[in-house]
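Dear colleague,

I am handing over the structure below, together with a short account of what was found in it. Please read the notes alongside the coordinates.

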Amino acid sequence: MSPSDPAPEPGARAGRLAPPLTLGPLRDQPFLTYPDLKAPGPKLVNWWASWCAPCRAEHPALMGLAAEGIPIHGITHRDIEADSLAFLDELGSPFTKLGEDGTLATYRDWNLTGLPETYVLNGEGRILLRYAGPVLSNIVRDYIRPALAEA
């Protein structure tokens, strides 16, 4: 790299390994750790919050993917634990494992742009797709399924 080359951009981008996780547990929910991102097979990582209207809109599509057996790991952002749990009690949980980004360290490490944001990872923890916005049925068809097939 020459001095005129730009520095690599931080964050989670297609082709890179998933950045580190600095998360806390979400009460009694199965806790998401970094090794879970490198578990065999494709998986999704979904950033969400109970106050996020687009997160509510995408929830049925996530529930459908989870019903097919696709592991989906959830990370809450700037949410109150009781509100996150009430959201899942009301709508059901598509998440295999969960974590809470209370320090915002993971948000910064992943260089998120907002909520919701969803990533498709392969069995090595490599990001195949970063999708910013709600995962609706057309997004599942046009982006998520092709990325899962690539894994």
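Threonine 76, in strand S2, has glutamate 100 in S3 as its bridge partner, and this belongs to a pairing in which S2 and S3 (residues 97-100) run parallel and are joined by four bridges. Between these two strands the chain passes through helix H3 (residues 81-91), in a β-α-β crossover that is right-handed. Please keep in mind throughout that this is a predicted model.

S2 also pairs with strand S1 (residues 43-48), again in the parallel sense, over five bridges, and here isoleucine 72 of S2 is the bridge partner of leucine 44. The path from S1 to S2 leads through helix H2 (residues 53-67), and this β-α-β crossover is right-handed.

As for how S2 (residues 72-76) is covered, five of its five residues are buried: Ile72, Gly74 and Thr76 lie on one side, His73 and Ile75 on the other, and both faces are covered.

Turning to the whole chain, the secondary structure comprises five helices and five strands, which follow one another from the N terminus as α-β-α-β-α-β-α-β-β-α. The radius of gyration is 15 Å, close to the 15 Å that the globule rule gives for 151 residues, so the chain is as compact as a globular protein of that length. Buried residues account for 45% of the 151 residues, and, among contacts with a separation of 6 or more, 72% are between residues 24 or more positions apart. The chain exposes about 7,300 Å², of which carbon and sulfur atoms supply 56%.

With best regards

Conventions: Residues are numbered from 1 along each chain as its sequence is written. This is a predicted model: local features need pLDDT of at least 70, side-chain atom pairs count only at pLDDT 80 or more; totals for chains, interfaces and linings use all residues. Side-chain values use heavy atoms; hydrogens and water are left out. Buried means under 20% relative accessible area, exposed over 50%, partly exposed in between (1.4 Å probe, protein chains only). Two strands pair if DSSP finds at least two bridges between them. A crossover is right-handed if, with the strands pointing away from the viewer, the path from the first strand over the helix to the second runs clockwise. The radius of gyration is taken over C-alpha atoms; the globule rule is 2.2 Å times the number of residues to the power 0.38. Contact means heavy atoms within 4.5 Å. Accessible areas come from the Shrake-Rupley method with a 1.4 Å probe; for residues, only the protein chains shown count as cover.
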